[in-house]
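Trainee: Got a minute to go through this one with me? I'd like to quiz you on the sheets, the pocket and a few odd residues.

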Amino acid sequence: MKAAEKGAEVVHDALDRPRSISFKGATDLVTETDEASEKAILGVLRSHFPDHALLGEEGGVSGNTASEFLWCVDPLDGTTNFAHSYPAFAVSVGCVRRGVPVAGCVVEFAGGPHAWVTRTFAAHTGRPTTCNGKPVGVSKVADVRRSLLVTGFGYEHDEAWSANMELFKEFTDVCQGVRRLGAAAVDLCHLSLGIVDSYWEYRLKPWDMAAGVIIAQEAGATVTTMDGRPFSVFERSMLASNTALHPQILERTGTKTKALLAAGVDLSPWFVPPGYDWGAP
């Protein structure tokens, strides 16, 4: 939690101030705040866990990749939202053991210009999820027709993006709404709060998911790939739900995902640090 809070201090100091923005791709932004936040977070992690591996969105792999523990750091999840002062971004720090999240902390920024507030979500295996120190849990919605869902779309408009656009349309027809906030860690924390009922997305990176997944799971969520296989942070699809809805959501996401695989779309594990043993079959 200390590492995430250190990064959040950097982000907080940059709120309502001019942004220095550059581009990693045609529309994929990075700001000096991303880089400063990651530096602050990694400093804390290196001092407390010098023998662990580290994976940062901006700086890549460092530390001891022979360790079974890997810290996945998103110093500013939802950078585009931050750049526009849209209140849906977060600092996310998660610890993974052999590919499976075991601890995480997310500091969410909400409110908006001149009225910013934060919520701190934390969990580790066997310890129920808390938000600002208070226990939280997923919703009990058991009928997709009564659900509020959330998804996301990456920067590459490829086959998986198109398949998810079709899913967006399908679910919009059968549920009470589908939201797209643009910050995976925030989406997973909202699932843990019970204010949305399921979240799915293709092509997420380990740092997008590591903290949010354990936060959602310890609040009662079920997390798999979008075709129902066991989850690891290196998978290219993720489906998280309040558990009660999982079969209903999986029925549709599974069909689309299996079709992508049959068409030869690469959904194999990615962003595995060289030398890191994550227990792949």
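Trainee: In what order do the strands of the five-stranded open sheet run?

Mentor: Keep in mind that this is a predicted model. The pairing in this open sheet is mixed. Reading across the five strands, you get β12-β11-β13-β15-β14.

Trainee: Which strands stand at the edges there, with a single partner strand each?

Mentor: Look for a strand that has one side left without a neighbour in the sheet. Each of the two has a single partner strand, so that is what happens to them. They are β12 (178-179) and β14 (222-224).

Trainee: And what is the bridge partner of L149 in β13?

Mentor: Start with the two strands: β11 covers residues 149-151 and β13 covers residues 198-202. They pair in the parallel sense, over three bridges. In β13, L149 has as its bridge partner S198.

Trainee: Helix α7 lies across part of this sheet, so to speak; at about what angle does it run to β13?

Mentor: Helix α7 takes in residues 246-262. It lies across β11, β13, β14 and β15 (237-241). Against β13, the angle is about 10 degrees.

Trainee: On to the eight-stranded open sheet: which are its edge strands?

Mentor: The order is β4-β3-β5-β6-β7-β8-β9-β10, again with mixed pairing. An edge strand here pairs on one side only. That gives β4 (60-63) and β10.

Trainee: What is the bridge partner of L54 in β4?

Mentor: Strand β3 (residues 53-56) pairs with β4 in the antiparallel sense, over four bridges. Within β4, the residue bridged to L54 is S62.

Trainee: Which helix lies across β5, β6, β7, β8 and β9?

Mentor: The helix you want spans residues 184-193. Relative to β8, it runs at about 75 degrees. It's α5.

Trainee: Is G94 buried or exposed?

Mentor: G94 lies in strand β6 (residues 89-97). Leaving aside residues up to four places away in sequence, it touches L70, W71, C72, A103, G104, A210 and A211. Its relative accessible area is 0%, and buried means under 20%, so the call is buried.

Trainee: How far apart are the C-alpha atoms of G94 and E38?

Mentor: Along the chain, G94 and E38 are 56 residues apart. In space, their C-alpha atoms are separated by 13 Å.

Trainee: What volume does the second largest pocket have, and which residues lie nearest its centre?

Mentor: The volume comes to about 260 Å³. Its lining holds 17 residues, dividing into twelve nonpolar, three polar and two charged. At least two lining residues come from each of α1 (2-14), α2 (32-48), β7 (100-110) and β8 (117-124). Nearest the centre are M1, K2, A3, W71 and C105.

Trainee: Where does H114 lie, and what is its phi?

Mentor: H114 sits in the loop between β7 and β8. With a relative accessible area of 72%, H114 is exposed. Most residues other than glycine have a negative phi. For H114 the value is positive, near 65 degrees.

Trainee: How about N132: what is its phi?

Mentor: N132 lies in the loop between β9 (127-131) and β10 (134-135). It's partly exposed, at a relative accessible area of 47%. Its phi is positive too, in a residue other than glycine, and the value is near 50 degrees.

Key. Residues numbered from 1 in each chain as written. Predicted model: local features only at pLDDT ≥ 70, side-chain atom pairs only at ≥ 80, totals over all residues. Heavy atoms only, no water. Pairing = 2+ DSSP bridges. Contact = heavy atoms within 4.5 Å. Axes fitted to C-alpha atoms, helices over the stretch in contact; angles between N-to-C directions. 1 Å grid on protein atoms, 1.4 Å probe; cavity = no way out; pocket = protein on both sides within 12 Å on 5 of 7 lines; lining within 4 Å. Points joined across faces, edges and corners; volume = space filled by probe spheres on them. Nonpolar A, V, L, I, M, F, W, Y, C, P; charged D, E, K, R; others polar. Buried < 20%, exposed > 50% of the residue type's maximum accessible area, 1.4 Å probe, protein only.
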